[in-house]
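Q: I should like a close look at a single part of this structure, namely its sheet and the helices around it. Please treat the matter in one connected account.

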Amino acid sequence: VSKYALYRIVREIKMLNIILSFDYELFLGKNYVTEKEVLFDPTDKIMRLLSECNISATFFADVCSVFAYHKEFPDCEYCKGFSDQLQELNRNGNDVQLHIHPHWMKARYENGWQFEESAYRIHYFMSGSNSVTSAPTGKMDVVGQYVNKNEDCLNADKIISMGIDYLEALIGKQDKNYRCVSYRGGGGSAFSRQKSFFNYCMTRE
């Protein structure tokens with residue numbers, strides 16, 4: 001390799017932009033420790049390391065989990081801890097964007113969380129017959145919790161729009177420039193409903 005070629009390779013490497021991202025999510029199956037040990041404590045450690053290294057990252061928040069907790073346990077510690085930590089991540093210079101594990105929308109709590117395997121991919125919610133009738137819908141209040149106004153059937157598009165609204169209301173409370181502009185699908189569905197995500201983003205005021 002010539003010196004000139006080597007110089008070009010080094011220059012191009014220096015110009016690379018590395019985007020560091022983390023999935024901000026709970027367990028996918030049976031859980032053996034608290035939500036604090038699973039999510040909040042590890043995120044605090046990551047946040048400290050990022051700050052020490054003077055770098056930032058994007059955290060993709062699985063909002064469906066907080067919807068499920070709020071439905072089963074309104075005003076629970078997890079709901080508050082979830083919203084508080086996302087705001088703290090934003091205050092520390094990190095980005096928070098949308099992540100969806102839709103099985104939470106069909107979850108029920110009976111001696112622990114019970115999940116339906118068929119609902120792990122958002123494709124399950126593309127049929128009206130598979131819509132959820134008991135998930136939280138309505139307007140987001142200032143503490144980042146959904147105020148239930150009705151029990152409209154919930155489909156994939158509605159899940160995505162709820163997630164966007166949740167994040168923009170929560171983070172927008174302290175960061176007026178915040179916008180939810182990125183979506184990471186869960187359950188191996190990286191590109192599922194991406195058109196719905198972008199369409200909803202484009203139709204907002």
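What pattern does the chain follow when read along the sequence?

A: The model is a predicted one, and the description below should be read with that in mind. Read along the sequence, the chain follows the pattern α-β-α-β-α-α-β-β-β-α-β-α, which comprises six helices and six strands. Of its 205 residues, 42% count as buried. The accessible surface of the chain comes to about 11,800 Å², and carbon and sulfur atoms account for 52% of that area. Among contacts between residues at least 6 apart in sequence, 68% join residues at least 24 apart.

The sheet is the natural place to begin. Four strands form an open sheet in the order S1-S2-S3-S6, and their pairing is parallel. Its edge strands are S1 (21-24) and S6, each of which pairs on one side only. From one strand to the next, the twist averages 30°.

The pairings can be followed across the sheet in that order. S1 and S2 are joined in the parallel sense over four bridges, and Tyr-24 has Ala-61 in S2 as its bridge partner. Strand S2 (residues 58-62) then pairs with S3, again in the parallel sense, over five bridges. Here Ala-61 stands opposite Leu-98 in S3, while Asp-62 stands opposite His-99 in S3. Ala-61 therefore has a place in both pairings of S2, as the bridge partner of Tyr-24 and as the residue opposite Leu-98, within a strand that is largely enclosed because five of its five residues are buried. On the far side of S3, strand S6 (residues 183-185) pairs with S3 in the parallel sense over three bridges. Leu-98 in turn stands opposite Tyr-183 in S6.

The burial of the two inner strands deserves separate attention. In S2, five of the five residues are buried, so this strand is largely enclosed by the rest of the structure. Both of its faces are covered: Thr-58, Phe-60 and Asp-62 are buried on one side, and Phe-59 and Ala-61 are buried on the other. Strand S3 (residues 95-100) has five of its six residues buried, so S3 too is largely enclosed by the rest of the structure.

Helices lie against this sheet. Helix H2 (residues 35-52) lies across S1 and S2 and runs at about 160° to S1. Helix H3 (residues 63-72) also packs on the sheet, where H3 touches S2 and S3, and its direction makes about 35° with that of S2.

H3 is itself mostly covered, with eight of its ten residues buried. These buried residues are Val-63, Cys-64, Ser-65, Val-66, Phe-67, Ala-68, Tyr-69 and His-70. The elements against which they pack are H2, S2, H4, S3, strand S5 (113-114) and H5. The buried part of H3 thus meets strands of the sheet, S2 and S3, as well as the helices H2, H4 and H5.

Two of those helices, H4 and H5, also pack on each other. Helix H4 (residues 77-91) and helix H5 (residues 156-172) meet at an angle of about 65°, with their axes 9 Å apart. Their crossing is right-handed. On the H4 side the contact is made by Phe-82, Ser-83, Leu-86, Gln-87 and Asn-90, which meet Tyr-166, Leu-167, Leu-170 and Ile-171 in H5. By character, the residues of this contact divide into six nonpolar, three polar and no charged.

Gln-87 offers a close view of this packing. The residue is found in helix H4, and its relative accessible area is 12%; a residue counts as buried under 20%, so Gln-87 is buried. Leaving aside its neighbours within four places in sequence, Gln-87 is in contact with Leu-170, Ile-171, Lys-173 and Gln-174. Among these partners, Leu-170 and Ile-171 belong to the H5 side of the helix contact.

Note on methods:
Residues numbered from 1 in each chain as written. Predicted model: local features only at pLDDT ≥ 70, side-chain atom pairs only at ≥ 80, totals over all residues. Heavy atoms only, no water. Axes fitted to C-alpha atoms, helices over the stretch in contact; angles between N-to-C directions. Left-handed = near helix turned anticlockwise from the far one by under 90°. Contact = heavy atoms within 4.5 Å. Nonpolar A, V, L, I, M, F, W, Y, C, P; charged D, E, K, R; others polar. Buried < 20%, exposed > 50% of the residue type's maximum accessible area, 1.4 Å probe, protein only. Pairing = 2+ DSSP bridges. Areas by Shrake-Rupley, 256 points an atom, 1.4 Å probe, with all protein chains shown as cover.
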